[in-house]
Amino acid sequence: MKSSTLLFKSLAIIIFIAGTAHLVNYLSLTSKSSESNLYWKEHASNSPTSEIENSEVVPSSIETEQDEFINYETDYIIGKWKVTYSSKDFDGVIVYDVKKESKAFHAYTYEYQDRNGNIEKAKKTKVLIIQKFDGYKGEGIYVISYEGKQYDVKCNIDMIDENTFKLSYEYYGYSDVETWKKI
């Protein structure tokens with residue numbers, strides 16, 4: 001046999017063996033990934049900060065049945081939040097329910113609590129739309145009611161920790177900073 005023919009046959013065998021090894025490796029990784037995604041879909045809870053035992057790699061996001069992604073870096077903002085107000089109009093706590101809708105976060109009034117401990121369910125009125133949020137800072141629209149009218153005001157979100165954020169806004173010279181605490 002000529003040395004060039006021997007060289008090409010040897011190269012073909014090496015490529016075949018290496019290709020087979022890569023294919024087997026790829027298929028095993030794909031299989032493990034599918035099993036992992038199935039595990040996450042079955043065991044994902046409403047609390048993205050809950051610890052999951054025996055997992056080596058925690059994905060930053062997974063796809064749910066509704067084709068929306070649960071992003072553990074940002075979706076911890078979903079849930080009930082309370083804000084304490086002290087004004088002549090209202091002295092107490094308003095609880096808001098933050099939900100993810102169409103890749104944005106929307107906050108709705110959930111209940112009112114006065115200083116005496118009385119609780120009243122609220123109509124689900126949308127008060128906040130967080131359009132951009134990276135897990136630390138965000139931007140959105142805050143709906144302010146004043147003298148029977150509603151105003152859409154640009155606002156900023158600044159996370160203090162995973163259970164507290166500051167919502168700040170300014171509208172025609174009136175500015176305020178609210179502290180939202182997770183319940």
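Me: Buried means under 20% relative accessible area, exposed over 50%, and partly exposed is in between (1.4 Å probe, protein chains only). What is the relative accessible area of Arg115?

Reply: Quick housekeeping: this is a predicted model, where local features need pLDDT (the predictor's confidence in each residue, from 0 to 100) of at least 70, side-chain atom pairs count only at pLDDT 80 or more, and totals for chains, interfaces and linings use all residues. Residues are numbered from 1 along each chain as its sequence is written, and side-chain values use heavy atoms, with hydrogens and water left out. Arg115 counts as partly exposed because its relative accessible area is 49%.

Me: OK, what pLDDT does the protein chain average?

Reply: At least 70 is the score of 73% of the residues. Residues 32-67 drop below 50, and beyond near neighbours in sequence that stretch still has 34 contacts (heavy atoms within 4.5 Å) in the model. Where pLDDT is low, the predicted coordinates should not be read in detail. The average over the protein chain is 80.

Me: And the overall build: how many strands are there in the protein chain?

Reply: Secondary structure comes from DSSP runs, numbered from the N terminus: helices are H or I with at least four residues, strands are E with at least two. Reading along the sequence gives α-β-β-β-β-β-β-β-β-β-β-β. Helix α1 covers residues 3-43. Next to that one helix, the strand count is 11.

Me: What share of the residues in the protein chain is buried?

Reply: The protein chain has 183 residues to sort. Thr109 is one that counts as buried, because its relative accessibility is 6%. Over the protein chain, the buried share comes to 26%.

Me: Which residue forms a salt bridge with Arg115?

Reply: A salt bridge here is a side-chain nitrogen of Lys or Arg within 4 Å of a carboxyl oxygen of Asp or Glu, and the whole structure has six of them. For Arg115 and Asp91 the closest N and O atoms are 2.9 Å apart. The pair links distant parts of the chain, 24 residues apart, with Arg115 in the loop between β5 and β6 (119-121) and its partner in strand β4. At 36% relative accessibility that partner is partly exposed, and its name is Asp91.

Me: Staying with salt bridges, how far apart are the closest N and O atoms of Glu111 and Lys121?

Reply: Glu111 counts as buried because its relative accessibility is 11%, whereas Lys121 is exposed at 53%. The closest N and O atoms of Glu111 and Lys121 are 3.6 Å apart. Glu111 is in strand β5 and Lys121 in strand β6, so this pair ties together parts 10 residues apart in sequence. As for the distance you wanted, it is 3.6 Å.

Me: Which residues are linked with Asp97 in a network of salt bridges?

Reply: Asp97 is in strand β4 and counts as buried, given its 13% relative accessible area. Not counting residues up to four places away in sequence, Asp97 touches several residues, including Gly79, Lys80 and His106. With Lys99, which is partly exposed at 28%, the closest N and O atoms are 3.9 Å apart. The residues linked with Asp97 in the network are Lys80 and Lys99.

Me: The backbone oxygen of which residue lies 2.4 Å from a polar atom of the Thr109 side chain?

Reply: Thr109 is placed in strand β5. Leaving out residues up to four places away in sequence, Thr109 touches, among others, Val95, Tyr96, Ala122 and Lys124. A polar contact is a pair of N or O atoms within 3.5 Å; within protein, one must be able to donate a hydrogen and the other to accept it, and residues adjacent in sequence count only if both atoms are side-chain atoms. The backbone oxygen at 2.4 Å belongs to Lys123.

Me: Which residue has its backbone nitrogen reached by the side chain of Asp114 at 3.0 Å?

Reply: Asp114 is in strand β5 and is partly exposed because its relative accessibility is 29%. Its C-alpha atom is 6.2 Å from that of Val93, 21 residues apart along the chain. The backbone nitrogen reached at 3.0 Å is that of Asn116.

Me: Last one, on backbone angles: what is phi of Lys103 near?

Reply: Lys103 is in the loop between β4 (91-101) and β5 (104-114), and counts as exposed because its relative accessibility is 75%. Tyr172, in the loop between β10 (164-171) and β11 (174-182), also has a positive phi, about 45 degrees, although it is not a glycine. For Lys103, phi is positive and near 65 degrees.
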